[in-house]
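User: I am new to this structure. Please show me how to read its main features.

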Amino acid sequence: MMKAFLILEDGTVFTGTSIGSKKEMISEIVFNTSMTGYLEVLTDPSYAGQAVVMTYPLIGNYGITPDMESRRAWPKGYIVRELSRIPSNFRCEGTIQDFLEKQDIPGIAGIDTRALTKILREKGTMNSMITVDEDFDLKEILPKLKAYVVGDVVAETTCKESYTIKGGGPKVALMDFGAKDNIAKSLNQRGCEVTVYPAATPAEEVIASAPDGIMLSNGPGDPKDCTAIIEEIRKLYETEIPIFAICLGHQLMALANGAKTYKLKYGHRGGNHPVKDLSNGRVYISSQNHGYAVDASTLDASIAKEAFVNVNDGTNEGFSYVGKNIFTVQFHPEACPGPKDSGYLFDRFMDMMKGAR
Amino acid sequence: MPRNKEIKKVLVIGSGPIVIGQAAEFDYAGTQACRSLKEEGIEVVLLNSNPATIMTDKDIADRVYIEPLTVEVVEQLILKEHPDSVLPTLGGQAALNLAMELEENGFLKRNNVRLIGTTSETIKKAEDRLEFKTTMEKIGEPCAASLVVESVEEGIKFAEKIGYPVVLRPAYTLGGSGGGIAKNRGQLVEILENGLRLSRVGQVLVERCIAGWKEIEYEVMRDKSGNCITVCNMENIDPVGVHTGDSIVVAPSQTLGDKEYQMLRTSALNIISELNITGGCNVQYALHPETFEYCVIEVNPRVSRSSALASKATGYPIAKVAAKIALGYTLDEIKNAVTKKTYASFEPMLDYCVVKIPRLPFDKFISAKRTLTTQMKATGEVMSICDNFEGALMKAIRSLEQHVDSLMSYDYSHLSEEELFEELYVVDDRRIFKIAEALRRGVSYDDIHEITRIDKWFIDKLAILVEMEERLKNEPLTPELLKEAKRIEFPDHVIASLAGKTAEEVCGMRYANNITAAYKMVDTCAAEFAAETPYYYSVYGSENEVEKTAGRKKVLVLGSGPIRIGQGIEFDFCSVHCTWAFSKEGYETIIVNNNPETVSTDFDIADKLYFEPLTPEDVRSIVDLEKPDGAVVQFGGQTAIKLTESLMKMGVPILGTSAENVDAAEDRELFDAILEKCGIPRPTGGTVYTAEEAKKVANELGYPVLVRPSYVLGGQGMRIAINDHDIEEFIGIINQIAQDHPILVDKYLQGKEIEVDAVCDGEDILIPGIMEHIERAGIHSGDSISVYPAQSISEKTKRIIEDYTKKLARSLHVIGLINIQFIVCGEEVYVIEVNPRSSRTVPYISKVTGIPIVPLATKVIIGGKIKELGYTPGLAPEADYFAVKMPVFSFEKIRGADISLGPEMKSTGECLGIAKTFDEALYKAFLGAGIKLPKHKNMIITVRDEDKEKAVEIGRRFERIGYRIFATRGTAEVMKAAGVKANAVNKIEQESPNLMDLILGHKIDLVIDTPPQGAERAGDGFVIRRNAIETGVNVLTAIDTAEALIESLEHTNIRKLTLIDIATIG
């Protein structure tokens, strides 16, 4: 067992055991409170540029199942209390230990993840390093940690070329900003033919394909950095094509309409966040993964009405655009991992496309 | 939506006496709900027949009725109190069934009373087997192929269509009473006949056997707007086939991927929505281990044992939220009491692992079958929390207080390979220990899984524990190894014995290397939000997060652990009241306990709650951190008392009666000296270690004699011996567990048994009341009917009792509570037992006299004087009411247990009858215990020779009220000779029709069967009693109980009971 060290920007050092790759990494560090679905978390492109701490202490219990949400794992680092010695599940195809090694993700196990989570909660999201070098020099490392920025991770995670998933129903253009596979699957299961476009695809090209609807996906990083994409989205907004947006897509649509986004202190990552549908007062438990949020007060009520709010902290969770067939949510109706309670939003989108035709 | 303003006065129905399948969890739920209602300004009327509960306290509800839970009583109560609503979802199946009957007979509607919490349609949809199945089919939720049958023939036909084995589940019974798995036609007929009889509606579900599938539960909440959440899911380590109450359960599920987890979660939400439940609900699933196929096993549309467990496992107060929902609030309007930042509409996230282990009563019922089935047998449970599964399991094992502290505690090393494999097939409470032995011998995970169907993930965790045993045995004990052993919660003394060291050495090494327990908070949100809840569990190798507190004096209150026969909910009542009393006096209170069912482990009872095993080592870790100014042990039963010596070694002052004086009451020689000094007689006797010594003492005293170990509660191991043979058998049983203290052999006196609880401040005493047992000495006080005030002793005897109590309390330097049992023979008063601590009768006597004994004792413990506290020392004046405490048994749940009463306690709970007259109190008590007569007006009398004379008179009186009497030949002849018409029937071994046919013919109301004293167990009597109990017939095994019953039947009318609000007493 090789020792590994997790070093935080504030100088805190945790000593544990190395898991996965032995390479050194620097990244932003965030925590996720899901008790199941570690594989979906690991393969969610929204974690690009970040190291993930799992607050649930027993990880890997059911091994690696065919539940990947994208072609590879994205976090730069992985931090757990304990990895299960053996996996047990009828669909298990391998161990998480092997998976982390194959995906070249460095990680650390055997640390007090609760203490770590409390630091991130109190001080906010920060940067971190995982290293196996016992002779690390904090003085040298800390400035490097402070200097780290997540960067243009959308470009890294989006597909390189467009592709189509066949279906007999409405045609949907899915803008891939780092999309989870279950978005396309959720549409496809409802009969949609889904064409997935790289993030940088010009709006004109998408519009020219005459889709029945446009889906703006989730994705990693700071939404404000996506200036070029925001411009394209503005053009999509101007059309009459129904649009449904999730997470980063939701933020970008708001930015395209003049709203402001801000970084949450430590984000929302887990499968237990209650969101309230303001149209009927119903509360749904949602799957969430975002570090930024839209400041609802900066979006003119004549442009969009707030449609969902977070019951815990009152932050914005969705908009309904006035006079448009556009609605956007901050949370993840596609679940995976997490509750499927808001899956009905895909049905709403289907209805919208039907109505617009 | 704000709350419904039309709701102003609510009747809350409790669950009644503690029986297997319906226990302390409902006191927890009910208490929390009542407090939650009162918080909203609702006037709460409480009905529960169980006097040992905290919910039946006047602090908890505005009006408190400790009355039998029958339709007639609820109707009379509603007419008297005029509540606008009834909340039936917090009192288990008992309350739900009552509500259903009231709804079905139209009473609620006629009187403009609404059911809140759930509707009768919902109850029916969830509880009626057929409606449930139809509902599930409608929403596409799969159930195992099944059919509701009302006859054995139908059952056979269906079972043979779907193939054996089949599972049988009677409708409307609790704890799965009368259910089971039938592997062939013979078993089917046996179980089905019985189940049809026990079902309230004569229906049994026959279904496809899904034994061996994973058993998964979800706790779900829903409000009237349709918002739903899951509080927690749980995975049973024992696959389907073992009742979830008897399974080892882990929360959250460990072997489910997100796909399976979400699939079942979505299903649970669909079900709660379709059933239109408003409040809490529990859904049980069977999940195929190798596919996504699943079946809904059961839905409980109310709070349950599982919801109590889920509340404690997550910190989410299900009962409290359910009560608020019943008032009309929606989940997003109810604040999360833990974080105070989030709302009840979010799902708890755990960052630890919880293990629950059932507390099974096989140490009490040694003749009972240990096999675990779909019928629950556990009397209680323990829970533990750790950041790893192995540690949580180890902590839970040692919390059981069953002489187990590791996977080596049951030794199977003597078994051959073949025998061990056979044992692995046996599904009982020792299965994990057998698996551990198999692992030690290198049996593969596959083989173990194949036999037990336990998931390999859990088998691997047991293997990790077994490997640690080996490492500790074979490797030098380095700090690294020690650290790892502590991480998975090996106790010091187990490490020591494996490593060939003393426990002190291991402990010393720990402290020298800074390997100490740290405490983490249960916060419902995996640290995502800051929480202030002082609810903690220990882990090794982590950072401590308990906030240092200072300023106030700190008191450590030690709880009473799992509910077991002999140590029940009464001690939780005492612990909680003591905590509240200390709090009022300005102390910072700290509770240590490990029972998830109880009120004491609700996180808002004490200033801090440590959910931990009650062993010296675990308590010491808390003491190291908290440095309490003192500890109270006298309220937590024997569990707490046993910690006294260790606490003193840790330097924690024992508040109240000192340890030496507790010892003096238990130590025969010291105690004899005290009695002699006070001039108080006791039955002659002696102390022994071996059977030979015992026989010598017994023969000197003359038989019968009472044999018992010292330092036990509930008369464990206590027997009446009538000859040398008995002595040999009893001493053998007692010595199966190494005894640290001698065994006591006393002359057995058959007189009236009298009991008092008293508070002593060192000088003065206060006796709230004298209680008399209806059954003569020889039957454990916990199993006797207890009457207050004592009926048949003279004023002079009462004064003697007062005098002896005072002398004893003073001589033992009691500060706080003392419980004394006397035998009165004529005018002679003998002391038979003294316990310088709280007792089983404390809650009951507090409630009927209105004297708050526990708070009073607490004030005395911190220096108050009885006189200054406003009480006149001595025996308090008798109250205006008669109160009868009636024991309640769960014999039908424990196959093979002998139901005859003796010196060893067997009851699981109690109920109270309180009235202006003795007869009515007695009648209410019988009614509360479920003895509702007459029905068919047929009875069987078969008594031992000593009782024949009395039996004749009892028979005559039953005859007078219309009973037809059947008796065995000997008894019948005696009766006939005395002019009582008795029909002679054959004994069991004789030809049909015999006694057994009568019993199985279901026309018998009552069996009076008094077994001869001594070790005799097999034979007629045992078989009759077992069969009667298992077919739901009332059986009385003491002639005095029978006499009391006829007395009460002669004078009372169920329609004319006077209901008494005990909140007005005192």
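We go through the barrel, the domains and the chain contact in turn.

Analyst: This is a predicted model: local features need pLDDT of at least 70, side-chain atom pairs count only at pLDDT 80 or more, and totals for chains, interfaces and linings use all residues. Residues are numbered from 1 along each chain as its sequence is written, with chains lettered from A and ligands numbered from 1 in the order in which they are written.

User: In what order do the seven strands of the barrel in chain A close?

Analyst: Strands of a sheet pair through backbone hydrogen bonds, either parallel or antiparallel. Strands are DSSP runs (E, at least two residues), as helices are (H or I, at least four), numbered from the N terminus. Two strands pair if DSSP finds at least two bridges between them. In chain A the order is 1-2-8-6-4-3-9, with mixed pairing. Strand 3 (residues 25-32) and strand 9 (residues 126-131) of chain A run antiparallel, joined by five bridges. There, A:I29 stands opposite A:M126.

User: Where do the domains of chain A begin and end?

Analyst: Domain bounds come from an automatic or database domain assignment. For chain A it gives domain 1 (3-150) and domain 2 (154-356). Their C-alpha centres lie 27 Å apart. Two residues are in contact if their C-beta atoms, placed from the backbone, lie within 7 Å. In chain A, 23 residues of domain 1 contact 25 residues of domain 2. On the domain 1 side, strand 3 of chain A gives the largest share, three residues.

User: How many residues does each chain bring to the contact between chains A and B?

Analyst: Chain A brings 42 residues and chain B brings 44 residues. Helix 3 (113-123), strand 15 (260-277) and strand 16 (283-295) of chain A each give two or more residues to its side.
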